[in-house]
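Visitor: I have a structure open and some questions about it. Can we go through them one at a time?

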Amino acid sequence: MMERRNTFGKEEHLCGKTAIDELYNTGDRFFIYPFRILYKRVPKESVPVRCLINAPKRKFKHAVDRNRLKRLMREAYRKNKHALFEMMEKEEATMQVAITYNGDTIESQAFVEKRMRKVLEQIIQGKDGTNPGQRRQGAERS
RNA sequence: AGAGUAGGAGGGUUUGUCGCUGGCGGCAACGUCAGAGGAAAGUCCGGGCAACAAAGGGCGCCGCGCUUCCUAACAGAAAGUCGUCCGUGAGGGUGAACUAUCGCAGAAGAGAAUGACCGCCCGCCUUGUGCGGGUAAGGGUGAGAAGGUGGGGUAAGAGCCCACCAGUCCCCUGGUGACAGUGGGAGCUGUGCGAGUCGCGGGUUGUAAGAUCGAAUAUACCGACGCAUGUAGGGCUGCCCGUCCGAUGUCGGGGGGUAGAUUGCUUGAGGCUUAUGGUGACAUAAGUCCUAGAUUAAUGACAAACGCCCGUCCGCGGGUACAGAACUCGGCUUAUACGCCUACUCUCUUU
RNA sequence: GGUGAGAUGGGUGAGUGGCUGAAACCACCAGUUUGCUAAACUGACGUACGGGUUACCGUACCGGGGGUUCGAAUCCCCCUCUCACCG
């Protein structure tokens, strides 16, 4: 397999009001501090994964802080996304993901990146079907 | 030297790796150029621009209100005037059209504007906690009490008269003007707020305005085919005849228009330099420059070095603000580590 | 991005510049009633600082800071926070 570049261009951003509403209403969700994650499988599109990254105004009042958080998260995502990409290319489908920063303080780049790796692993495991029963129970509880 | 006042300009630089948005070139891979602020913020004012509304004028409503001046405009800026408060001072805060007419001023107080409670003076008698009248100098109340002080005058008093002082009005002088003056004249003189009057300005809503294109699904309307003796059903009628319309299906056309896309969208009352005019805000002329344009929303992450500031055991350690464009300009307000420049003030020391 | 509304005791919430520290309702506390409770009735009831032996008295506080006024919860300016509307 050829060497991959750690890009995160506009094609890979999730946008459009209807798509986002659909994801927030019907997607599966879980929490890994400091993130809240929603994800959903849809029929194949031009890219294997489309992602939305978000920081809430309720918790961070200043636009500077929100911008910084989103940049940290984008950086962590683009460096660690390849495992998920390979999986979705094999499955011939597209994954929509939304990641919201849910912490109360701004964490360091190293910490955010470590946690982002864990998030992506969790998504891959959940979709692999190795332990779907456990995951479904969790979804029903919430 | 220390403390301070006013104004002004800044508020990092370089390298490497991995990325983001836009322009240009390229079939593509990719290359190359550009990429946050003085407040981008609050949304407190004023414009441009756009849509809608609208004959013209008056009244009403809202905003502004010392003077001159600047500006596209403003509740902004510049230069001044007068009052008041703060500061030893350099300075700073705050206020200001007019008052003919009308209203209000709680509690306290006799009285808040046709003023008499105590007091003072006069008169009368029934001689006393009496009645009538005069009086705003004194007492007390209040934020404010019929301009203030002194003298004359008087029964006691009072701008009743005079001198000085404060204000108002008229004249003179100076100033474009607000206004000023050891100027001349007139006894003209309560305070605050509001209504009112005068002058100037204001149509409403905001780029999520608005314009163009436009899937999928449903479908107004039109045509063809199919069904049908033009059917079910409906209109004209009390009923029948007659006559007119005609659902449901398939295909095609088609308008409005949703998701979405494009546009509005960055060259503008633009910046910089010089000259001229002006105390100044600013204006005029010449030259020169093009400098973000996203839309679930780019301008970043990591590492290293250099600056700058603070501390220092001279090895080094710590700090490097406030804050992120969203149609766009002119202001105001608020936040801001840190030093820098100019003018000025006060205190101390030395000469 | 734009437009608008609001903040008053523990909660809800009135309040024309003047006897409003502040109405009213709920909660809390005490009492009456009851075998015990509930309901009902009666009363009391903010916080801080200072003074006083107790009873109590004084001053300040209506989101925060300035201003206007003799006097501000109320009028004006600035800041903080909360909520709503516009595709």
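**Cysteines, RNA contacts and salt bridges**

Guide: Cysteine 51 is buried, at 1% relative accessible area. Keep in mind that this is a predicted model.

Visitor: How many disulfides does the structure hold?

Guide: It holds 0 disulfides.

Visitor: Why is there no bond at cysteine 51?

Guide: Because its sulfur is 12 Å from the closest cysteine sulfur, that of cysteine 15, which is too far for a bond. A disulfide needs the two sulfur atoms within 2.5 Å.

Visitor: And how accessible is cysteine 15?

Guide: Cysteine 15 is partly exposed, with a relative accessibility of 48%.

Visitor: Changing topic. Which residues come nearest to RNA strand B?

Guide: Lys10, His13, Leu14, Arg68 and Arg78, out of 21 residues around the strand. Those surface residues divide into 8 charged, 7 polar and 6 nonpolar.

Visitor: Which helix gives the largest share of that surface?

Guide: H2, with 8 residues. Helix H2 spans 63-79, and helix H1 (17-26) also supplies at least two residues.

Visitor: What part of the RNA is within 4 Å of the protein, sugar and phosphate or bases?

Guide: Sugar or phosphate accounts for 74% of the RNA strand B atoms within 4 Å of the protein, and bases for the rest.

Visitor: Which protein atoms sit by a phosphate oxygen?

Guide: One is a polar side-chain atom of arginine 71, at 2.8 Å. Another is a polar backbone atom of valine 64, at 3.2 Å.

Visitor: What does glutamate 75 contact?

Guide: A side-chain N or O atom of glutamate 75 is 3.0 Å from a base nitrogen of RNA strand B.

Visitor: How many salt bridges are in the whole structure?

Guide: The search finds 6. One of them pairs lysine 59 with aspartate 104, at 3.2 Å from N to O. That pair links distant parts of the chain, 45 residues apart: lysine 59 is in the loop between strand E3 (49-54) and H2, and aspartate 104 is in the loop between strand E4 (94-101) and helix H4 (109-128). Lysine 59 is partly exposed at 39%, while aspartate 104 is exposed at 58%.

Visitor: And where do arginine 117 and glutamate 113 sit?

Guide: They are both in helix H4, and because they are 4 residues apart, about one helical turn separates them. Their salt bridge has its closest N and O atoms 3.9 Å apart. Arginine 117 is partly exposed at 39% relative accessible area, and glutamate 113 is buried at 16%.

Terms used
Residues are numbered from 1 along each chain as its sequence is written. Chains are lettered from A and ligands numbered from 1 in the order in which they are written. This is a predicted model: local features need pLDDT of at least 70, side-chain atom pairs count only at pLDDT 80 or more; totals for chains, interfaces and linings use all residues. Side-chain values use heavy atoms; hydrogens and water are left out. Buried means under 20% relative accessible area, exposed over 50%, partly exposed in between (1.4 Å probe, protein chains only). A residue is near a molecule or strand if one of its heavy atoms lies within 4 Å of it. A polar contact is a pair of N or O atoms within 3.5 Å; within protein, one must be able to donate a hydrogen and the other to accept it, and residues adjacent in sequence count only if both atoms are side-chain atoms. Ala, Val, Leu, Ile, Met, Phe, Trp, Tyr, Cys and Pro count as nonpolar, Asp, Glu, Lys and Arg as charged, and the others, Gly among them, as polar. A salt bridge is a side-chain nitrogen of Lys or Arg within 4 Å of a carboxyl oxygen of Asp or Glu.
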